[in-house]
Amino acid sequence: MRKSFIYITIFLSFSILTYIVISKENAPEFKLKTYYLVFLKSGPKRDQTKDVAMEIQKGHLANIKRLANQGKIVIAGPLLDDSEVRGIFIFNAESKEEVEELCATDPAIKAGRLIAEVHPWMSEPGNCLPE
């Protein structure tokens, strides 16, 4: 009886080790990359006239398009819950300092309507949003 228990224990141990080795060999490889997530928050100067605010918004959208065409902004969009956080950017950039410099080119940030809060963020390159 004791011998059978030892053989079963050895067999199960070998089976588990084999499974672990095979699982690791077939496991997908994840390579994470640092991106930069920017929370666009309400700025201190939101008292512009409607016409001025519209012009600032046009410049804001044009700047997003420019940075997207350069491959710097990979995702951008507003949040819809009317909170202090007005929108997000995800940047593909080399450093937080580069992202801060790129954000400083935004007319809404220059005008004080928005402020940018930059955070390093990791994801696997090539992921995309579902349709």
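What follows is a walk through the fold, the sheet and the pockets of this predicted model.

Starting with the overall layout, the protein chain carries four helices and four strands. From the N terminus onwards, these come in the pattern α-β-α-β-β-α-α-β. The chain has 131 residues, and 24% of them count as buried. Contacts across the sequence are plentiful in the tally: of the contacts with a separation of 6 or more, 75% involve residues 24 or more positions apart.

The strands come together as an open sheet of four, in the order 2-3-1-4, with antiparallel pairing. Strand 2 and strand 4 sit at the edges, and each of them pairs on one side only. Ignoring direction, neighbouring strands of the sheet are turned by 20° against each other on average. Helix 2 packs on this sheet and touches strand 1, strand 2, strand 3 and strand 4. The direction of helix 2 makes about 155° with that of strand 2. As background, the strands of a sheet pair through backbone hydrogen bonds, and the pairing can be parallel or antiparallel.

Taking the pairs one by one, strand 1 (residues 33-42) is matched with strand 3 in the antiparallel sense over six bridges. Within strand 1 and strand 3, Leu37 stands opposite Ile90. Strand 3 also runs antiparallel to strand 2, and five bridges join these two. Here Pro78 stands opposite Gly87 in strand 3.

Strand 2 and strand 3 make a hairpin, with six residues between them. The loop between these strands holds Asp82, a residue with a positive phi of about 55° even though it is not a glycine. Is Asp82 buried or exposed? With a relative accessibility of 65%, Asp82 counts as exposed, because the cut-off for that class is over 50%.

Phe39, found in strand 1, gives a good view of how distant parts of the sequence meet. The C-alpha atoms of Phe39 and Ala116 are separated by 5.8 Å, although the two residues are 77 residues apart along the chain. Setting aside neighbours within four places in sequence, Phe39 is in contact with Val85, Gly87, Ile88, Ile115, Ala116, Glu117 and His119. Even with these contacts, Phe39 is partly exposed, with a relative accessible area of 25%. That value places Phe39 outside the buried class, because buried means under 20%.

Next come the pockets. Rolling a probe the size of a water molecule over the atoms shows where empty space is left. The largest pocket has a volume of about 320 Å³. It is lined by 19 residues, and the closest to its centre are Gln57, His60, Pro78, Arg86 and Leu114. Helix 2 (50-69), strand 2 (73-78) and strand 3 (85-91) are the elements that give two or more residues to this lining. Helix 2 gives the most, with six residues. By residue class, the lining of the largest pocket divides into twelve nonpolar, four polar and three charged.

Two of the residues closest to the centre of the largest pocket also turn up elsewhere in this account. Pro78 is the residue opposite Gly87 in strand 3, while His60 has its place in helix 2. How accessible is His60, buried or exposed? At 7% relative accessibility, His60 counts as buried, because this value falls under 20%. Not counting residues up to four places away in sequence, His60 touches Leu40, Phe89, Asp106, Pro107, Ala108 and Leu114. One of these contacts, Leu114, is itself listed among the residues closest to the centre of the largest pocket.

The second largest pocket has a volume of about 230 Å³. Twelve residues line it, and those nearest its centre are Ile75, Trp121, Ser123, Asn127 and Cys128. Strand 2 and strand 4 (114-123) each supply at least two residues of this lining, and these are the edge strands of the sheet. The lining of the second largest pocket divides into eight nonpolar residues, three polar and one charged. Strand 2 therefore features in both linings, as one of the elements that give two or more residues to the largest pocket and as a supplier of at least two to the second largest.

Note on methods: Residues are numbered from 1 along each chain as its sequence is written. This is a predicted model: local features need pLDDT of at least 70, side-chain atom pairs count only at pLDDT 80 or more; totals for chains, interfaces and linings use all residues. Side-chain values use heavy atoms; hydrogens and water are left out. On a 1 Å grid over the protein atoms alone, a cavity is a set of points where a 1.4 Å probe fits but cannot get out, and a pocket is an open set with protein on both sides within 12 Å along at least five of seven lines; lining residues have an atom within 4 Å of a point. Grid points are joined across faces, edges and corners, and a volume is the space filled by probe spheres set on the points. Ala, Val, Leu, Ile, Met, Phe, Trp, Tyr, Cys and Pro count as nonpolar, Asp, Glu, Lys and Arg as charged, and the others, Gly among them, as polar. Buried means under 20% relative accessible area, exposed over 50%, partly exposed in between (1.4 Å probe, protein chains only). Contact means heavy atoms within 4.5 Å. Two strands pair if DSSP finds at least two bridges between them. Axes are lines fitted to C-alpha atoms, for helices over the stretch in contact, and angles run from 0 to 180 degrees between N-to-C directions.
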